[in-house]
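Please look over the chain shown below before reading on. The briefing that follows goes from its overall build to its charges and then to a few single residues.

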Amino acid sequence: MTVPLEEVKRRLELAGQPHLLHFWPELSEDERQLFLQELSQLDLDGLRGHCEEAAAAAAAPAASLDRHIEPVPAELIGSVRRSEQSSLAEWEREGLLQISQNHVGVLLLAGGQGTRLGVPYPKGMYNVELPSGKTLYQIQAERIHRVQELADMQYASKSIVPWYIMTSEFTLAPTEAFFQENDYFGLKPSNVIMFEQRMIPAVTFDGKVILQGKGKIAMAPDGNGGLYKALVDNKVLEDMEKRGVEYLHVYCVDNILVKMADPVFIGFCVSKGADCGAKVVEKAYPAEPVGVVCRVKGVAQVVEYSEIQPETAELRGPGGELVYSAGNICNHFFTRAFLQDVADKFEGQLKQHVALKKVQFVDTQGNQVKPTKPNGIKMEKFVFDVFPFSRNFVAFEVVREDEFSPLKNANSAASDNPTTARNALLAQHCRWAAAAGATLLDQHGKPLPPAAMSVSDADRPPAQCEISPLVSYFGEGLESLLKGKKVATPFILDQKQAKELQGH
Ligand SMILES: CC(=O)N[C@H]1[C@@H](OP(=O)(O)OP(=O)(O)OC[C@H]2O[C@@H](n3ccc(=O)[nH]c3=O)[C@H](O)[C@@H]2O)O[C@H](CO)[C@@H](O)[C@@H]1O
């Protein structure tokens with residue numbers, strides 16, 4: 001609902017932000033309507049607090065947590081590598097059972113702007129140039145299909161894993177359009193639930209909301225921890241309850257190897273009676289941009305890569321291993337009951353993180369300015385900051401080359417780029433084919449050496465072997481198709497090809 005101009009004026013003055021209407025006389029009637037709408041949507045009463053808090057936080061950065069942190073003891077972290085096959089199988093059965101009973105949903109955090117990758121569209125629409133040309137969204141959708149199928153095969157069910165997608169003002173419209181154009185990748189549209197997180201204004205160092213245009217405020221999403229407000233705003237918890245969803249796998253958009261609704265992880269968390277959990281991988285190097293799961297004053301928490309001191313990140317134990325090695329891969333488990341608790345009691349206590357950014361603005365003369373150094377404060381909440389409210393938090397370490405290869409940067413960067421993501425997936429699929437008993441051949445009909453199946457640098461990419469998630473979720477079911485076969489690369493194993501191989 002649009003608030004009348006006089007009322008907006010009065011409240012902006014109370015909030016110490018009357019400058020926002022500086023160019024009002026110059027705006028056209030249409031621009032005024034739009035701007036008034038934008039201003040009406042602001043939390044005008046909370047605006048003074050927001051601006052003061054941002055300015056104070058930027059002036060006196062939060063004290064480093066490093067003095068209070070300690071690693072989570074390794075024996076308290078569940079681990080794929082250190083567990084018996086029988087335990088892994090048991091967790092997987094439990095996870096699939098929960099899926100078969102429609103108790104599991106997935107939630108994608110897709111409200112970020114993907115600034116580092118530098119594309120003008122949502123990251124999920126990115127195509128890393130796999131032989132199939134699939135985008136991240138399509139890969140994820142197909143993994144949902146397949147995990148439902150696996151549960152149904154094991155438990156004779158007809159399961160649904162609803163896909164909740166948190167977007168922001170930047171990503172909602174293109175994401176919706178993309179899903180429509182692609183027929184929701186074969187999923188039922190009613191099981192794909194998109195919703196929007198809130199946006200909050202960027203503020204100058206002296207606590208003034210930044211005008212990006214004469215009739216436009218510089219707004220940014222409120223961080224992936226904006227999830228908890230968005231769950232309430234959009235009645236997502238009610239939707240989960242209606243569907244009987246008790247467990248949610250929350251993940252970030254850019255990990256090409258993400259195991260959607262991972263039955264092993266879900267089963268592990270459920271068996272341990274956890275209300276909250278995080279997947280981790282061993283950190284690759286001290287400065288790797290991943291948060292670390294650790295304890296702060298005895299309580300499990302993630303310390304983000306931007307907030308840990310380099311000296312702490314570099315600490316090594318007696319065997320040379322990193323002391324803080326539990327790298328957060330932004331794959332979280334929550335029970336609905338825990339999320340409800342967060343919504344009811346804790347959301348207001350979530351920490352605000354301060355990011356200093358270059359924010360375009362109009363100066364008082366009406367000139368558009370592109371700053372060369374940070375001039376603005378963006379406040380963000382982080383999705384993992386609810387961990388300290390958990391009653392039973394668990395961490396689960398998975399194998400990096402099987403589960404983590406994030407797409408963060410453009411190819412000009414050395415790591416976490418489209419090439420490394422593509423190679424990680426191809427190498428994994430080569431390993432799956434080999435483990436199923438196939439011999440992969442190069443263009444000359446020669447068996448490929450093991451090196452062609454490992455994640456390697458851009459100069460020596462792995463063989464082109466891509467297996468559709470519709471055929472295999474995590475390497476299962478391939479023996480009957482590939483055992484004893486010589487397979488020429490490039491090789492795309494899709495459903496059609498699988499049918500042909502089955503026929504032989
Ligand atoms: C705060 C957080 O989780 N940090 C984690 C994130 O860092 P990183 O800095 O890479 O986080 P990103 O900015 O990429 O955001 C992670 C995810 O949150 C989404 N997003 C972001 C901002 C926002 O307002 N709304 C929103 O939905 C993004 O679309 C993305 O899917 O992933 C790393 C692993 O890859 C982890 O090691 C980091 O600990």
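The secondary structure of this predicted model comes to 15 helices and 24 strands. The chain is as compact as a globular protein of its length, because its radius of gyration of 24 Å is close to the 23 Å that the globule rule gives for 504 residues.

**Overall build**

- Along its principal axes, the C-alpha trace spans about 75 × 50 × 50 Å.
- Of the 504 residues in the chain, 54% count as buried, and the chain exposes about 22,900 Å², of which carbon and sulfur atoms supply 50%.
- Among the contacts with a separation of 6 or more, 76% are made by residues that are 24 or more positions apart.

**Charges and salt bridges**

- The chain carries 52 positive and 64 negative charges, and the mean positions of these two sets are 2 Å apart.
- Side chains of opposite charge can pair when their charged atoms come close.
- The count of salt bridges in the chain comes to 23.
- Glu26 and Lys214 meet through their side chains in a salt bridge, with 2.8 Å from N to O. This pair links distant parts of the chain, 188 residues apart, since Glu26 is in the loop between helix 1 (5-14) and helix 2 (29-41), while Lys214 is in the loop between strand 8 (211-213) and strand 9 (216-217). Lys214 has a relative accessibility of 29% and therefore counts as partly exposed.
- Lys123 and Asp254 form a salt bridge in which the closest N and O atoms are 2.8 Å apart. The partners are 131 residues apart and again link distant parts of the chain, with Lys123 in the loop between strand 3 (104-109) and helix 5 (136-155) and Asp254 in the loop between strand 11 (247-252) and helix 9 (263-271). Asp254 counts as buried because its relative accessibility is 4%, and Lys123, at 14% relative accessibility, counts as buried as well.
- Arg336 and Glu246 also meet in a salt bridge between their side chains, at 3.1 Å from N to O. Here too the pair links distant parts of the chain, 90 residues apart: Arg336 belongs to helix 11 (residues 336-346), and Glu246 to the loop between helix 8 (236-243) and strand 11. Arg336 has a relative accessibility of 14% and so counts as buried, whereas Glu246, with a relative accessibility of 29%, counts as partly exposed.
- Glu7, Arg10, Arg11 and Asp45 are joined into one network by salt bridges that share partners.

**Asp341 in helix 11**

- Asp341 is found in helix 11, and with a relative accessibility of 17% it counts as buried, because the cut-off for a buried residue is under 20%.
- When its neighbours within four places in sequence are left aside, Asp341 is in contact with Phe346 and Arg391.

**Ala55 in helix 3**

- Ala55 is found in helix 3 (residues 47-59), and its relative accessibility of 16% means that Ala55 counts as buried.
- Not counting residues up to four places away in sequence, Ala55 touches Phe205, Asp206, Gly207 and Ile377.
- Although Ala55 and Leu356 are 301 residues apart along the chain, their C-alpha atoms are separated by 11 Å.

Definitions and conventions:
Residues are numbered from 1 along each chain as its sequence is written. This is a predicted model: local features need pLDDT of at least 70, side-chain atom pairs count only at pLDDT 80 or more; totals for chains, interfaces and linings use all residues. Side-chain values use heavy atoms; hydrogens and water are left out. Helices (H or I, at least four residues) and strands (E, at least two) are DSSP runs, numbered from the N terminus. The radius of gyration is taken over C-alpha atoms; the globule rule is 2.2 Å times the number of residues to the power 0.38. Buried means under 20% relative accessible area, exposed over 50%, partly exposed in between (1.4 Å probe, protein chains only). Contact means heavy atoms within 4.5 Å. Accessible areas come from the Shrake-Rupley method with a 1.4 Å probe; for residues, only the protein chains shown count as cover. Lys and Arg count as positive and Asp and Glu as negative; His and the chain ends are not counted. The place of a charge is taken as NZ of Lys, CZ of Arg, CG of Asp or CD of Glu. A salt bridge is a side-chain nitrogen of Lys or Arg within 4 Å of a carboxyl oxygen of Asp or Glu.
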